[in-house]
Amino acid sequence: MDLIAKRPNGTMDVTPNEAYKWHTVENVVKETAEQFGFKEIRIPTFEETGLFVRSVGDTTDVVQKEMYTVSSTGDKTYTLRPEGTAGTVRAVLENGILNEGLPQKLFYILSAFRHEKAQKGRLREFHQFGCEMFGSASPLADAEAIALANSVISRLGLKNVELNINSIGCPECRAKYREALKAYFKPHFNELCDTCKERFEKNPMRLLDCKSKEDQEIAKNAPVITDYLCEDCAAHFEDVKKYLSIMGVSYKLNPKIVRGLDYYTRTVFEFLTTDIGSQAAVCAGGRYDGLVEELGGKPTPALGFAMGLERIILTMESQGLDFAEEKTCDLYIAPMGVAASEKAMELASVMRDEGFFVEYDLVGRGLKAQMKYADKIKAKFVIVLGDNELADNKAKLKNMATGEQTDISLGDSLLDDFGAVYYALLMDSDDQFRSFVEAFADDGSSDGQ
Ligand code: HAM
């Protein structure tokens with residue numbers, strides 16, 4: 001094929017055969033968020049560039065190297081969102097949502113864009129499920145958000161995912177800690193990688209986050225933030241840990257978690273796995289008590305997290321986990337000829353209005369090919385409509401799993417007749433039903449019936 005364009009590097013197509021995996025994850029995240037009282041928010045794909053510079057931080061990799069920024073015809077520049085928090089805070093303020101009572105608990109499922117080196121689990125366009133909570137400074141809120149993320153992960157069945165938590169304190173604790181870090185790294189300054197040399201003055205905490213083996217070795221004995229927390233921040237962190245234990249959420253203390261975005265205060269966390277290559281975060285977040293004010297709102301404590309949906313799906317695949325099966329066709333109508341096609345159209349409308357999943361031939365295939373198609377789409381029942389059926393206004397309804405045939409009216413009692421057989425089938429245990437269909441699908445594909 002001579003295609004005129006190819007998929008951009010670092011992006012993915014979700015084909016119809018794979019979409020059910022996304023539906024499974026999206027349904028679980030939505031249901032869980034709603035059970036915790038979170039409501040959906042939808043925000044634009046692009047925002048004014050300044051929003052991200054101000055919130056994510058001008059010394060971060062995301063802002064310095066990874067933003068997709070475009071100029072519009074006016075003087076403003078816009079950037080494709082590299083994450084969902086900044087846009088959510090902007091939208092919350094612009095729509096006066098904080099005046100509607102606190103706490104406000106919001107969730108989103110969105111695409112995000114970062115110009116990173118594309119590799120497995122690291123894309124340039126990826127998708128996040130995120131939750132943001134506004135208006136609670138209590139450690140109860142930190143524990144609640146972490147518990148929500150933890151619930152999603154366990155409901156999806158993910159294994160080998162470790163929750164790492166840390167506190168990076170408030171700006172006062174951090175100022176002291178930064179000085180301590182600089183004093184520690186100063187004698188090693190010349191051995192640091194170029195990126196870390198730059199970070200040394202501007203953002204020394206990121207020195208702990210460096211991917212270079214040499215720098216990691218140097219950072220091994222660096223002072224830890226938790227030794228520099230002020231009384232309030234330390235007490236807050238103690239309570240978060242206590243509440244997580246009460247909720248049965250296990251965690252590991254990891255003072256090296258500093259996060260790559262500037263807005264965080266106090267609690268930060270990452271859910272890490274090694275099942276999709278080198279250690280990767282499937283979910284990450286934390287508290288950001290200064291961000292609402294930074295973006296022009298009243299001082300409002302807030303916190304949240306985001307989960308990388310591609311990474312979640314990759315982990316589920318690598319662990320061989322089940323995704324929910326898609327709905328399959330209840331009835332396939334196989335018409336023979338023009339008049340039968342018109343009848344099929346009429347029957348399909350009646351049954352779809354009643355909620356059934358109905359298909360019929362749209363390409364003018366012969367009977368054998370239609371039966372093969374019905375088998376392929378895993379239709380539960382098939383009706384063949386020929387001249388006799390049209391004349392009698394009656395047809396045979398074939399159960400594709402058992403081969404059993406039942407007479408069915410094509411007139412007024414169509415829905416009653418079909419419903420009786422359909423619900424009898426559903427009454428069978430789910431597993432029994434599935435194994436019937438699977439057994440039939442195996443047979444069916446070999447003999448073409
Ligand atoms: P983040 O750590 O930058 O935080 O991203 C959150 C999650 O998005 C990561 O843990 C990962 O699963 C996924 N992710 C990030 N970059 C990529 C990528 N290039 N390809 C695939 N997946 C990726 C945030 O975005 C914060 N807004 C989270 C937050 C919400 N904090 C508070 N509220």
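This report looks at strand β11 and the ligand in a predicted model.

Start with the strand. β11 covers residues 302–308, and seven of its seven residues are buried, so the rest of the structure largely encloses it. Its side chains split between two directions: A302, G304, A306 and G308 point one way, while L303, F305 and M307 point the other, and all of them are buried.

β11 has partners, too. With strand β6 (residues 125–134) it pairs in the antiparallel sense over seven bridges, and there A302 is the bridge partner of F134. Strand β10 (residues 280–287) also pairs with β11 in the antiparallel sense, this time over five bridges, with R287 standing opposite L303.

Now for the ligand. β6, β10 and β11 each put at least two residues into the shell around the ligand, and β10 gives the most, with six residues. There are 26 residues around the ligand, and E83, E116, E132, R259 and Y264 come nearest. By type, the shell divides into twelve nonpolar, seven polar and seven charged residues.

Here are some polar contacts to look up in the structure:

| Residue | Protein side of the contact | Ligand atom | Distance |
|---|---|---|---|
| E132 | N or O atom in the side chain | nitrogen | 2.8 Å |
| F305 | polar backbone atom | nitrogen | 3.2 Å |
| G308 | polar backbone atom | oxygen | 3.2 Å |

How much of the ligand does the protein bury? Taken alone, the ligand exposes 660 Å², and the protein buries 96% of that.

Methods: Residues numbered from 1 in each chain as written. Predicted model: local features only at pLDDT ≥ 70, side-chain atom pairs only at ≥ 80, totals over all residues. Heavy atoms only, no water. Buried < 20%, exposed > 50% of the residue type's maximum accessible area, 1.4 Å probe, protein only. Helix = DSSP H or I, 4+ residues; strand = E, 2+ residues; numbered from the N terminus. Pairing = 2+ DSSP bridges. Near = heavy atom within 4 Å. Polar contact = N/O pair within 3.5 Å; in protein donor to acceptor, adjacent residues only side chain to side chain. Areas by Shrake-Rupley, 256 points an atom, 1.4 Å probe, with all protein chains shown as cover. Nonpolar A, V, L, I, M, F, W, Y, C, P; charged D, E, K, R; others polar.
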